[in-house]
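The following paragraphs guide the reader through one protein chain, from individual sheets to a single residue and then to the chain as a whole. Please keep the sequence and the model in view while reading.

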Amino acid sequence: MSIRVRNWRDQAPYVGHISALVWTLYQSHDKDATSPPEINRLHGINSFVKHGLQGHQHSDHHHHDAIEQLYFILRGRGQLLIGDDKVDVRDGTAVYMPVNVPHQAFNDGEGWMEHLIVSCPLDEIREGTPAVRDWRDVHPVVLEGGTVSWPLLRREEDAPAGEGGVLQRVHSVTRYAVQGRQGTDWQQLDGIELVHYVLSGFGIVEDLDGDRQLVTEGSAAHVLPGVAHRFANQSEGWLEYVTFAVEVGEVEAPDESDEFEESEKPAVEYGVEDVAAAAVVAEVDWDDADAVETEEEIEEDGTDDEADDDVESAQAEDVVDDDVESAEAEDEDEAEDEAEAAVEAAVDDEAGGDGIDDEAGESAVADEEYEADEADEDIEVVEEGNGEDGEDAEEDVVESAEATDDSEPEAAVEDAEDAEAEEEDVAEADQAEASEKAEADDDDFDLEDDDADFDIEDEDETVVEDETGEDDESPDADRR
């Protein structure tokens, strides 16, 4: 495959240079035979890595005997010690480290300082000139297709040192920005190896064979020498990337064997919606990651859950209360119906039994009506009561009715044979009872005793309360 795209998120980091996190995106094709071919692709460059230095940390102090290096700050701020000089760097700063020049990175801030390090071996060892260039200090160049470029570093013979002309083996370091919904012109450089690293935005990189690959923030696209390719920005914002170019001559495409299935995948045609859905948001970094819930937030969530549980419990209790009230009402209705039915049955059996004459039947009916009135009063008490007292009253009424049903009909049948003989005794008993009742009424209401109970003369007595609050009798009472 002539173009390979990898993102630094595709692999886990390791710790290097004392405290830096290191992600190896690409390395020399003959450097490590155990690495997969999609990493071992470089010919003019020795390694292409991303470093992350956390706040208040620093790397080791070192130098390289036969390697020139390029630093490009992606995010954050810090300092680089270059020889004896310590310079400030920030996102967008490109730094050239010549061979045999000691250097060291420092992060004195709170956040991360992320940067690329590109190492390139030299065929001829000679002294170089360090350089620090910020793209904001460089005059932009407008190219075809809505593309803007900022040439940061170039070879010694191509420009004066003041304009970044300090490179020896490396051909150039250039920053590009592609306008929204625009694309670059086709680019084909014979004998030049390219690595494009996307700084922000998303889009596609494609070649003349129709191979189109998605690129997002953090993607590094390696392009072999002589391969025609272009970038297309399918978003509304800018697609920004930095390009490292190294002269290598002609090279053969790497043999990405069958063990890597992704190398055999056919070309994919990406549309605008597909690219937007798969893109990584460019502005998100480690410092913007979602924070873990605090204890207060967890307690609030728990309080909300408890409130929901209380509501559900209250609703359940309401349902239970409704069921209990409904059941109690049904029990009261059933008890009332049973009591009334028992009384009616007792009356019918007493009044309409076989062998009982009319007078005996009338007397029995009168007695049963009196008992029915008492039963109705008991039923009213049951209706007004509730709880255990009401239930006990209902049971007493039912038991009384059942006793009437069992005893009184049997006694009526036994007395039916002697009804004629008992008729006279009943009449005499009624007359005697009536006579006794009349005498008792006369004794209860004795008009002669009324004056004794109600003394009219006492009504004239009055009570006067003096100013001290003590009760005194009136002068009229003293005279009497």
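The structure shown is a predicted model. A suitable starting point is an open sheet built from 4 strands, arranged in the order β6-β11-β8-β9 with antiparallel pairing. Its edges are formed by β6, residues 57-58, and β9, residues 85-90, each of which pairs on one side only.

Within this sheet, the pairing of β8 with β11 can be followed in detail. Strand β8 covers residues 77-82 and strand β11 covers residues 103-107; the two run antiparallel and are joined by 4 bridges. To locate this pairing in the model, the reader may begin at Gln79, which stands opposite Phe106 of β11.

A second open sheet lies further along the sequence and consists of 3 strands in the order β20-β19-β22, again with antiparallel pairing. Which strands stand at the edges of this sheet? They are β20 (212-215) and β22 (229-233); each has a single partner strand, so one side of each is left without a neighbour in the sheet. On average, neighbouring strands of this sheet are turned by 25° against each other when direction is ignored.

The pairing between β19 and β20 may be examined in the same manner. Strand β19 comprises residues 203-207, runs antiparallel to β20 and is connected to it by 4 bridges. Here Gly203 stands opposite Val215 in β20.

Attention may now pass to a single residue, Ser119, which belongs to strand β12, residues 113-121. Is Ser119 buried or exposed? The relative accessible area of Ser119 is 6%, and the limit for a buried residue is under 20%; Ser119 is therefore classed as buried. Which residues does Ser119 contact, leaving aside its neighbours within four places in sequence? The contacts of Ser119 are with Ile45, Asn46 and Ser47, and also with Ile67, Glu68 and Gln69.

The description closes with the chain as a whole. Its secondary structure amounts to 7 helices and 25 strands. Of the 480 residues in the protein chain, 39% are buried. Among contacts in the chain with a separation of 6 or more, 71% are between residues 24 or more positions apart. The surface that the protein chain exposes comes to about 28,500 Å², and carbon and sulfur atoms supply 44% of that area.

How values were computed
Residues numbered from 1 in each chain as written. Predicted model: local features only at pLDDT ≥ 70, side-chain atom pairs only at ≥ 80, totals over all residues. Heavy atoms only, no water. Pairing = 2+ DSSP bridges. Buried < 20%, exposed > 50% of the residue type's maximum accessible area, 1.4 Å probe, protein only. Contact = heavy atoms within 4.5 Å. Areas by Shrake-Rupley, 256 points an atom, 1.4 Å probe, with all protein chains shown as cover. Axes fitted to C-alpha atoms, helices over the stretch in contact; angles between N-to-C directions.
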